[in-house]
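Here is a short, informal walk through one model. Have the sequence and the 3D view open as you read.

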Amino acid sequence: MANHKFVKSATALVLGASVLTSAVLVPGANASAKTTYKVTKKGTLVNAKTNKTVKGYKSYKGKLYNNGKKFTGVYSKRYYKNGVKATGTYKGAYYVKGVKKVTTGTYAGAYYVKGIKKVTTGTYSGAYYVKGVKKVTTGTYNKAYYVKGKKVVSTGLYENKYYKDGVLNVGLALFQDKLYKDADLANGVFEFNNDTNAYENGVVVKTSVASVSAVNQSEITLSGAALGKLKAADVTVAGVEVTSLTPSADWKTATVKLNGSLPANKDVKVSVKVGTETKDLTVNYAFGPKAVSVLASTYDDDTANQKLTVLVDGVATSVDYLLSSGYNVEFNAYDSEGKNVTTDLFASSTTGSLKSSGLKTGTYKVTVVVSKGSAILNSEKAEIKIANLDNAATAISDYELANTTTSRTQTSSTLVVNESAVFENLVLGVGSNKAEVATTLSNPNVKVTSSDDSVISVASNNTITANKIGTATLKITVGKVTKEVTITVKGEQRYAKSIVAANQSIFVDGNSSTSNIKILDQYGDVLKAGASGLFAVVPTDVTGLTFGNSPELVVGANGTAPLTLGTATVAGQSGTVVVKDLATKSVVGTFTVKTTADNAIASTKLTYAPTSESSDDVIDAELASDDTVEYQLSTFNKDGVKIKSAIDLAGYKVKFNGSVVKVNGDATGEYKITSGTSFTVSIKGKGTTTVAIYDANNNLVDTKTVTVNTAGTSFKSVAWKSAPEVTYGKQINYKDVLNITEGATNKDDIVKDVTLSSPVANSVRIYTGKAATTAASTDKLSKGDLYIDRDDSGDYSTGDTVIGTVTAKAAANSTNLDATNAIDGAKVVTGTVSKGSVIFSVVVDGNVITDTSVKVNVTGTTLLQQNLDAAKAKAATAATAVTNAQTAATKAAKDETDAKAVATKADADLAAANKAKTDFVAANPGADTTTLDAAITAAQDAKTKADAAVTAATAAKTKADADLKTAQDAKVKADADVDTAQKALDAAK
């Protein structure tokens, strides 16, 4: 039987002040080892009596032997070298004093691979390490950019890209005297260090003028470089006053507007001053009409000074200019039956002036004849409309139901259980007097209610939620206008039920085309983005046709699933693409594909871009969802088959009436497109204009007639509040007489119960001065101004409509009353006798539309009573403060006591842990004390936290005691003030 010695374990468990120990058996460690074994001169462990090699593992004099030899390897999960626990690498692992620490990974600030130390801080195998921890391969670390673990740049250039602190630069920055926009050299126009310049490859471009051309009789275009540095005063046109100069976005052209007209077909001197030098140029407005037409538009039935406009070669031209250039003009009008009604419509058929009253509403066809000598130009019939444009809004005429669960605007009135939705784009009114509520979500002007909350409930922010199967009627209220909408709730989840896909014609020219398929659910709504479940089958009767992408249809963000139709090889064939359900293989829908070899462009037309807000040529200033239209140029073959949806428009030019619309934000009347496949027409004013697009060779490509609808809104009345007589000191202002909803921080207040000439979807606010954070408000408004907050921003901004001013004044017979505006109002001072009235009025264009008054009657006794009431209120507040302070002080004292108790226990625990280690070391010299050390550290941390808690609790108690003393002193003073006020009132009585 082997001899064993009991040794106290180093894994003793320390619990508070108690120490638990266990014993382990260490083979070979016995008292008779010296007499049992010995080591030969060759280093072999043998039996001392028989000299035979000791078999197996045996520990002798602190060394481990195996079959008599000092052991190297791993035994009992410990690494030995020559019999001793060793530090080093062995079989893909790194050991410290025999204990395995790491194979591949980080240990002690270094990175190891199969036990071999590779790096501490530096690059290894395409990565950068810090203290053995991988920080980056390719990317940014510690304000530097690394590629495969090697630092390539912190701030500077790498592969012609500008990095700042190891990251690609964002915004404008100057480096080595060159300007960078983001990571690339700046090209274009930028404002930097409060100075705007044109840049080319990061360098400022000097202003130069190369040429000049005439756009029309009152507009010319300069071409050159950095023309944004020019002013109107720098340009002189012989015989005509220059009124404005507007540079293009890239500053390579500038539009110059003239106060007058260029003579037709004559050279005119144009002088441009650049710095100290002047460049002389010549412009000639080549006016020789080749085609004329009438600009289609809508006119009011009773407005004076309305004139028709003639399009000469696609350019809007006034009749006056035609007449002054020696041309004769004659208009003719026809009603719906073809009857000539020229004399009923026109005040003058040679000038295009319409009658100012008595016009019959309806649609008319109008022609114009423009002649000079033997040259006669006849137009086609154009459609104009006469309508009553003054009709008032009376109802919610349209709305959209936006499903917030599917992120789709629904066409159906069906929700699925647990879905939520919001009403959006409410259209108030009819005709031109329309307004739009973009969303009802958290809109204070809109209230949505449900007839059955168990079916559909309405949250406080107007979000509706489908709760259970059934039907409910939702009532939408905007001011005095309401709309009822019936919504059905279903339990069946949405799935792909049908498709909407246009028939496709594809070309056998090596190019593919894309069919954008709209996937509808069983309720008729577009499925949410990412939805799938359908696949397309290639028609076998179209030779060579394949799908360029996966046949599975996945709905995109725009609501359609794209399917790429690859190249067919034989023209004149047709086939049917069948769309099936992935699970059931049932047919969901089909569309036809035809092949053609005719890809010759026969026509190029303006069409609506997929992202266009408007789907027609009428844009509405009152409707945010329909106040722009986006066009693209599409090409077609002779059969009307679309060849390309959108061609590159770089170098094309758009002409338009800049007082009516803007093109890509430009209102100069002519805009040159520098890049892209579309352009956007937005609102500048009111009326109708032809939008004509020309190619790079100045050839007219196509035109669109764009009509802008706007409607004016004016103040009619307001419901005043009935204000009681003021008998005490206070500030009397607009809040006493108007129904107000407080604006948010730094936002103007909303005035309720205002009646306007036509309903609006936005709040009416009163300018208080607290929202004066923008130049728009401080430059244009005075305190008390009422305005329609068109963008619902809460403060006045460009586009908002001022409709009147709320004023305040003291009546002539008033005493100690004065008011300069409705916001500050009149102050009735405590202790001062004040009598009279404060009159509030709404003034529009100098006229008082409506007013009200607040009577003031403050006597001496009233003021003394007010003083007493105020003193008592302060005393009550002081008493409450004392009670609260006493409670806080009591709690702080208890918290301090509790904290000290915890600290005392922590001290005892630390002492116990230290004693446990001392006892263990004494009993086991040289033994591992890692666990005991950890226990001591934990106890020390607990003591530190407890001591900090005591300090904090003591500080809190000191503050609470001080607060109590302050509250008690304040109560003593408040009680004294009550006594003084009571005595003053008693004496007055």
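## A buried serine

S371 is buried, because its relative accessible area is just 15%, and buried means under 20% (exposed is over 50%, partly exposed in between, with a 1.4 Å probe and protein chains only). Accessible areas here come from the Shrake-Rupley method with a 1.4 Å probe, and for residues only the protein chains shown count as cover. S371 sits in strand β48, residues 362-372. Strands are DSSP runs of E with at least two residues, helices are runs of H or I with at least four residues, and both are numbered from the N terminus.

What is S371 in contact with, once neighbours within four places in sequence are left aside? The list is G326, Y327, N328 and I376, where contact means heavy atoms within 4.5 Å.

## What the numbers rest on

This is a predicted model, so to speak of local features takes a pLDDT of at least 70 and side-chain atom pairs count only at pLDDT 80 or more, while totals for chains, interfaces and linings use all residues. Residues are numbered from 1 along each chain as its sequence is written, and side-chain values use heavy atoms, with hydrogens and water left out.

## A four-stranded open sheet

Now to another part of the chain. Four strands line up as β34-β35-β38-β37 in an open sheet, with antiparallel pairing; two strands pair if DSSP finds at least two bridges between them. At the edges are β34 (208-216) and β37, each pairing on one side only. From one strand to the next, the twist averages 25 degrees, using axes fitted as lines to C-alpha atoms (for helices, over the stretch in contact) and angles from 0 to 180 degrees between N-to-C directions.

Strand β38 covers residues 253-259, and 5 of its 7 residues are buried. With β35 (residues 219-225) it pairs over 5 bridges; T253 of β38 is the bridge partner of S223, and V256 of β38 has I220 standing opposite. With β37 (residues 241-247), β38 pairs over 6 bridges, and there V256 is the bridge partner of L245. β37 and β38 make a hairpin with 5 residues in between, and W251 in that turn has a positive phi of about 65 degrees.

## The whole chain

Zooming out, the protein chain has 6 helices and 89 strands. Of its 989 residues, 40% count as buried. Its accessible surface is about 50500 Å², with 50% belonging to carbon and sulfur atoms. Among contacts between residues at least 6 apart in sequence, 49% join residues at least 24 apart.
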